[in-house]
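Hi everyone, thanks for making the time. I'd like to walk you through one structure today, so please have the sequence and the 3D view up as we go.

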Amino acid sequence: MITLDRYILEGERAHPGATGELSQLLMRFGVAGKRIARELAVGGLTNVLGAAGTANVQGEQQKKLDVLANEILLETFDYGGLVSIAASEELEQPYIYSRSAGTGRYAILFDPMDGSSNIDVNGTLGTIFSIRRRLEGSEADLLRPGREQIAAGYILFGPAVLLVYTSGEGVHLFTLEPSIGEFLLTLEAVRMPRQGKGYAVNEGRSRGWTPQTRAFVEHLKEDDRASGRPYSTRYSGSLVADFHRILLEGGIYFYPADASAGGKASGKLRVLYECHPLAFVAEQA
Ligand code: AFP
């Protein structure tokens, strides 16, 4: 039985110069994941489902669990002096950890509750995270290129709670064993198949796509055994859930530019909280 902590600590030994701080940081995401999982499991009983009555900086209505998951994550890193600054999809401004602002070696970014439209229907949800070095100790550290990430991953809240991460040496998958409250190693060095059979996109918004994007989707639906078409649609409303399927089975996720009324002219996904971390995982797999 290899727990997340054991796996991370043993991995650290392969790097004699390591301070152990990145290990602690990754393990804390595990703790935050367990706390969020607990809130989701009893959400319908503890009156934390539904809208919070506030909007985030993207103008989206926040759910109570968006706010709660955000608070849990912020609090998780508020001790131990590891993190100097955090950015969250649910916060308008970066969060400065006053006690470790000048000393914490890391800057972190997260989407606390990805796929929040699934909250009230007991659908799959996720938390996405990205870890970077603190360089200047300012907001600029959060806006660096994705290739400077030192670790990234996600926690998936589905029938099982999974934690998937990379620190640049492959992608590793852990499953929460609820009776002992530990994430256990389930798949090491996950490889994403080169090709899949499914595509994930909100096709209800296709009228706002470019003709090229529409043509691409039509191409996926054509019959051509040699190239594995037609593809099946698999779209859950949670990028983490769709990405995870693709990690294991291959396939395509895309959120194209949408020029229709109420659509997102540059696509919906947020580069810092969603694209960078998942791109790092995809590249490593
Ligand atoms: P939230 O993080 O605000 O819940 O957004 C989820 C998301 O970015 C991604 O996880 C989904 O695939 C996508 O939005 C769903 O958007 P549509 O509802 O427009 O399809």
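Let's begin with the open sheet of eight strands, which has mixed pairing and the order 4-3-5-6-7-8-9-10. At its edges stand strand 4, residues 95–96, and strand 10, residues 182–187; each has a single partner strand, so one side of each is left without a neighbour in the sheet. Before I go further, please keep in mind that this is a predicted model.

Helix 3, residues 64–76, packs on this sheet. The strands that helix 3 touches are strand 3 (83–88), strand 4, strand 5 (106–114) and strand 6 (125–133). If you compare directions, helix 3 makes about 155° with strand 5.

Now follow the sheet along to strand 8, residues 161–166. Is strand 8 mostly covered or mostly open? Mostly covered: six of its six residues are buried. You can see this on both faces, with Val-161, Leu-163 and Tyr-165 buried on one side, and Leu-162, Val-164 and Thr-166 buried on the other.

What does strand 8 pair with? On one hand there is strand 7, residues 151–157, which runs antiparallel to strand 8 and is joined to it by six bridges. If you want a pair to click on, Leu-156 has Leu-162 of strand 8 as its bridge partner. The connection from strand 7 to strand 8 is a hairpin through three residues.

On the other hand there is strand 9, residues 171–177, also antiparallel to strand 8, with five bridges between the two. Here Leu-163 stands opposite Phe-174 of strand 9. This hairpin has four residues between the strands, and in it Gly-168 takes a positive phi near 90°.

One step further, strand 9 pairs with strand 10, again in the antiparallel sense and over five bridges. Glu-177 and Glu-182, the latter in strand 10, are bridge partners there.

Let's turn to the helices. Two packed helices are described by the angle between their axes and the distance between the axes. For helix 2, residues 21–41, and helix 3, the angle is about 150° and the axes are 10 Å apart. Angles over 145 degrees count as roughly antiparallel, and helix 2 and helix 3 are therefore roughly antiparallel to each other. Their crossing is right-handed. From helix 2, the contact takes in Arg-28, Phe-29, Ala-32, Arg-35, Ile-36, Glu-39 and Leu-40; from helix 3 come Leu-65, Leu-68, Ala-69, Ile-72, Leu-73, Glu-75 and Thr-76. By class, the residues of this contact divide into nine nonpolar, one polar and four charged.

And how do helix 5, residues 239–249, and helix 6, residues 271–284, cross? Their axes come within 11 Å and cross at roughly 15°. With the limit for roughly parallel set at under 35 degrees, helix 5 and helix 6 are therefore roughly parallel to each other. The crossing of helix 5 and helix 6 is right-handed. Helix 5 brings Leu-239, Phe-243 and Leu-247 to the contact, while helix 6 brings Glu-274, Leu-278, Val-281 and Ala-282. That contact has six nonpolar residues, no polar ones and one charged.

Just ahead of helix 5, have a look at Ser-238, in the loop that follows strand 12, residues 232–233. Ser-238 has 0% relative accessibility and so counts as buried. Its C-alpha is 7.5 Å from that of Ser-116, although the two are 122 residues apart in sequence. Leaving aside neighbours within four places in sequence, the contacts of Ser-238 include Asp-114, Gly-115 and Thr-124.

Strand 12 also belongs to a second open sheet, one of three strands in the order 12-11-13, with parallel pairing. Strand 12 and strand 13 (252–253) are the edges here, each with a single partner strand, so one side of each has no neighbour in the sheet. Strand 11, residues 198–200, pairs with strand 12 over two bridges, and Gly-198 has Ser-232 as its bridge partner in strand 12.

A few backbone details to finish. Arg-229 and Pro-230 are joined by a cis peptide bond, with omega about 5°; Pro-230 is in the loop between helix 4 (211–221) and strand 12. Asn-47 is not a glycine, yet has a positive phi of about 60°, and it is exposed, with a relative accessible area of 59%. Ala-189 has a positive phi too, near 50°, and sits in the loop between strand 10 and strand 11.

Note on methods: Residues numbered from 1 in each chain as written. Predicted model: local features only at pLDDT ≥ 70, side-chain atom pairs only at ≥ 80, totals over all residues. Heavy atoms only, no water. Axes fitted to C-alpha atoms, helices over the stretch in contact; angles between N-to-C directions. Parallel < 35°, antiparallel > 145°, perpendicular 65-115°, else oblique. Left-handed = near helix turned anticlockwise from the far one by under 90°. Contact = heavy atoms within 4.5 Å. Nonpolar A, V, L, I, M, F, W, Y, C, P; charged D, E, K, R; others polar. Buried < 20%, exposed > 50% of the residue type's maximum accessible area, 1.4 Å probe, protein only. Pairing = 2+ DSSP bridges.
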